[in-house]
Amino acid sequence: MVLVLMFFLGAVDIVAAAESIRLFTSGSLKQVLASRPNKPFILVLWSLDCQYCPTELKMLSELEKNHPGLNVILIATDTVDDMPQLADRAANYGTAKFEQWVFAEDMPERLRQEIDGRWYGEVPRTYFYDQKHQRTVKMGLINKSLVEEWLARNAVDTANGKQNGKY
């Protein structure tokens, strides 16, 4: 009986997490940018099928524990049908606290083009946005020192989660 209850509660958590995943459609990138005026953030494109994505997502989750100013947005290139599995992975990777989106259009090529005309779908792909929303792209797996250097360059106060002198 206890096992059944634990399973049920775990399933409820996954469903709730899946409901918090936003649908990424045409115009969603503009929403992401508009909701962060003058704020640096990291946008990560990932997929359930990506071999390297778990390593990167787990690293970002660990970094966020020591750097509460780390603002990460995850966009899964999977489909809306995959939302329960995406939520489960987010819970396993410790990334459920990050803002999450999933591709939600029949033609993912249009969404890829909107994000970056030079991107053809390979993941992980990470965009580092500064406070002016100028971005730097990194293809493939990123490492902890790269993110920490970016945090320092963008004057993110890791003690209280704010950008130094900008809020």
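Two strands count as paired if DSSP finds at least two bridges between them, and I keep that in mind while reading this predicted model.

**Entry: strand S3 and its neighbours.** I looked up Ala 76 and found that it stands opposite Val 102 in S4. I then noted that S3 and strand S4, residues 99-103, pair in the parallel sense over four bridges, and that S3, helix H4 (residues 83-93) and S4 make a right-handed β-α-β unit. Turning to strand S2, residues 41-46, I found that S2 and S3 pair in the parallel sense over five bridges, with Ala 76 of S3 as the bridge partner of Trp 46. Between S2 and S3 the chain passes through helix H3, residues 53-66, in a right-handed β-α-β crossover.

**Entry: the side chains of S3.** I asked myself why S3 is largely enclosed by the rest of the structure. Five of the five residues of this strand, residues 72-76, are buried, so the surrounding structure largely encloses it. I also checked directions, and Val 72, Leu 74 and Ala 76 point one way from S3 while Ile 73 and Ile 75 point the other way. In a regular strand the side chains alternate between the two faces of the sheet.

**Entry: Glu 99.** I next looked at Glu 99, which lies in strand S4, and asked whether it is buried or exposed. Glu 99 has a relative accessible area of 18% and is buried, because the cut-off for that word is under 20%. Its side chain is joined to that of Arg 36 by a polar contact of 2.5 Å and to that of Arg 22 by one of 3.5 Å. Leaving aside residues up to four places away in sequence, I found that Glu 99 touches residues including Val 32, Val 72, Ile 73 and Leu 74.

How values were computed:
Residues numbered from 1 in each chain as written. Predicted model: local features only at pLDDT ≥ 70, side-chain atom pairs only at ≥ 80, totals over all residues. Heavy atoms only, no water. Buried < 20%, exposed > 50% of the residue type's maximum accessible area, 1.4 Å probe, protein only. Helix = DSSP H or I, 4+ residues; strand = E, 2+ residues; numbered from the N terminus. Right-handed = clockwise from strand over helix to strand, strands pointing away. Polar contact = N/O pair within 3.5 Å; in protein donor to acceptor, adjacent residues only side chain to side chain. Contact = heavy atoms within 4.5 Å.
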